Amino acid sequence: PNAPFTFKFNSFTPNSNATLGQTFLTVFGSSFAQELSPIATSVVMPAGSLLPGTTYTYELDFSDRITGTDPINGVPALVAFDVRTDGTFTPAAAAVPEPSTLIPLAIVILGVMAQRRRRGDKTTTSCR
């Protein structure tokens, strides 16, 4: 979640009769939604867009539109068809240090405390 993520996917070729073809990528539960050209093959989600340990659903939508006029009634007409791919993912939870990485730090702290004791260092606190 603290790094940008690149979604990679295939491009698509709109139907030869389509007057409009677009690719949409949406990650539900976040503010990330992109409208792209049908020839796009990737898009970058900025760092900080997601929460760690939260499951998100994405939708990749290849969208075609055919617009025109109904020849009988003279009204605008629209034919829409889409191919969608949906999935889920969960960003890793925040990293927790393994106990083995804390051991050297504990040794250093204990060593400093032992050295102070041997030298007779005293910490005084006064209250008024």
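This report walks through the aromatic rings, the nonpolar core and the salt bridges of a predicted model.

**Aromatic rings**

Let's start with the rings. Searching the whole structure turns up six aromatic pairs. One of them joins Phe5 and Phe7 edge-to-face, with 5.0 Å centre to centre and 85° between the planes. That angle is over 60 degrees, so the pair gets the edge-to-face label. The two partners sit in unlike surroundings: Phe5 is partly exposed, at a relative accessible area of 47%, whereas Phe7 is buried, at 11%. Both rings belong to one aromatic cluster, made up of Phe5, Phe7, Phe32, Tyr56, Tyr58 and Phe89.

**Nonpolar core**

Phe7 and Phe32 turn up again in the core. The largest nonpolar core has 14 residues, and those touching the most other members are Phe7, Phe9, Leu25, Val27, Phe32, Val43 and Met45. Which strands each supply at least two residues of this core? They are S2 (20–28), S4 (42–45) and S5 (56–69). S5 gives the largest share, three residues. As background, nonpolar side chains in soluble globular proteins tend to be buried together.

Phe32 is a handy residue to click on. Leaving aside residues up to four places away in sequence, Phe32 touches Phe7, Leu25, Thr26, Val27, Val43, Val44, Met45 and Pro46.

**Salt bridges**

Now for the charged side chains. The model has four salt bridges, and here are three that involve Arg84:

| Salt bridge | Closest N to O |
|---|---|
| Glu59 and Arg84 | 3.8 Å |
| Asp61 and Arg84 | 3.4 Å |
| Asp82 and Arg84 | 4.0 Å |

The Glu59 pair ties together distant parts of the chain, with Glu59 in strand S5 and Arg84 in strand S6 (residues 76–89), 25 residues apart. The Asp61 pair also links S5 to S6, this time with partners 23 residues apart.

How buried or exposed are these side chains? Glu59 has a relative accessible area of 18%, under the 20% limit, so it counts as buried. Asp61 is buried as well, at 6% relative accessibility. Arg84, on the other hand, is partly exposed, with a relative accessible area of 48%, and Asp82 is partly exposed at 28%.

Put the shared partners together and you get one network of salt bridges containing Glu59, Asp61, Arg65, Asp82 and Arg84.

Key
Residues numbered from 1 in each chain as written. Predicted model: local features only at pLDDT ≥ 70, side-chain atom pairs only at ≥ 80, totals over all residues. Heavy atoms only, no water. Phe/Tyr/Trp six-rings, centres within 6.5 Å; stacked < 30°, edge-to-face > 60°. Buried < 20%, exposed > 50% of the residue type's maximum accessible area, 1.4 Å probe, protein only. Core = buried A, V, L, I, M, F, W, Y, C linked by side-chain atoms within 4.5 Å. Helix = DSSP H or I, 4+ residues; strand = E, 2+ residues; numbered from the N terminus. Contact = heavy atoms within 4.5 Å.
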